[in-house]
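This briefing goes through one protein chain by topic. The sequence and the structure come first, followed by the points to check against them.

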Amino acid sequence: ADGGGTPEALQGFPTRVFNMQMTGKYSTLVDFLYLLGAMKLDRLVTINKITLSPTKTEGNASPVLTVQIPVTAYMKTGN
């Protein structure tokens, strides 16, 4: 409910809301978001918010992020 409502064009489609939680490097997150934007999931999804938090790293290791992404998926009807 953070997104301010469903766009009018999508109101007739059933939805499923879920929270994705993952850990990874920034570059991996960017790649993942690119694939979402390219519609590689075979359904439309909207990202309601992205929360990034750094985790502890040791030495000169690349920083790792904890990521939370609330997502709404619009399900296909018919077929």
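Ile47, Ile50 and Leu52 make a nonpolar surface patch of about 220 Å². The model in which this patch appears is predicted. Leucine 52 belongs to strand 3 and has a relative accessible area of 41%, so leucine 52 is classed as partly exposed, between the 20% limit for buried and the 50% limit for exposed.

**Surface and burial**
- The accessible surface of the chain is about 6,100 Å², and carbon and sulfur atoms hold 53% of that surface.
- Of the 79 residues in the chain, 16% are buried.
- In strand 4, which spans residues 65–74, 8 of the 10 residues are buried, and the strand is mostly covered.

**Fold and contacts along the chain**
- The chain contains 1 helix and 4 strands.
- Their order along the sequence is β-α-β-β-β.
- Among the contacts with a separation of 6 or more, 67% are between residues 24 or more positions apart.

**Strand pairing around strand 4**
- Strand 1 (residues 15–24) runs antiparallel to strand 4, and 10 bridges join the two. Within this pairing, glycine 24 has leucine 65 of strand 4 as its bridge partner.
- Strand 2 (residues 44–47) is also antiparallel to strand 4, with 4 bridges between them. Here valine 45 is matched with alanine 73 of strand 4 as its bridge partner.
- Strand 3 (residues 51–54) pairs with strand 4 over 4 bridges, again in the antiparallel sense. Serine 53 stands opposite threonine 66 of strand 4.

**Nonpolar core**
- The largest nonpolar core has 8 residues: Leu29, Leu36, Val45, Leu65, Val67, Ile69, Val71 and Ala73.
- Helix 1 (26–37) and strand 4 are the elements that give two or more residues to this core.
- Strand 4 provides the largest share of the core, with 5 residues.

**Valine 67, a core residue**
- Valine 67 lies in strand 4 and is one of the residues of the largest nonpolar core.
- The relative accessibility of valine 67 is 3%, which is under the 20% cut-off, and therefore valine 67 counts as buried.
- Leaving out residues up to four places away in sequence, valine 67 touches Met20, Gln21, Met22, Leu29, Ile50, Thr51 and Leu52. Two of the residues touched, Ile50 and Leu52, also belong to the nonpolar surface patch.
- Leucine 29 is 38 residues from valine 67 in sequence, and their C-alpha atoms are 8.4 Å apart. Leucine 29 is also a member of the largest nonpolar core.

**Threonine 15, at the start of strand 1**
- Threonine 15 is placed in strand 1, whose residues are 15–24.
- With a relative accessible area of 41%, threonine 15 falls between the 20% and 50% limits and so is partly exposed.
- Apart from neighbours within four places in sequence, threonine 15 is in contact with Thr72, Ala73, Tyr74 and Met75. Ala73 is also listed in the largest nonpolar core.
- Threonine 15 and leucine 44 are separated by 29 residues in sequence and by 10.0 Å in space, C-alpha to C-alpha.

Methods:
Residues numbered from 1 in each chain as written. Predicted model: local features only at pLDDT ≥ 70, side-chain atom pairs only at ≥ 80, totals over all residues. Heavy atoms only, no water. Buried < 20%, exposed > 50% of the residue type's maximum accessible area, 1.4 Å probe, protein only. Contact = heavy atoms within 4.5 Å. Areas by Shrake-Rupley, 256 points an atom, 1.4 Å probe, with all protein chains shown as cover. Pairing = 2+ DSSP bridges. Core = buried A, V, L, I, M, F, W, Y, C linked by side-chain atoms within 4.5 Å. Patch = residues over 30% accessible without salt bridge, like charges linked within 9 Å, V, L, I, M, F, W, Y side chains within 5 Å. Salt bridge = Lys/Arg side-chain N within 4 Å of Asp/Glu carboxyl O.
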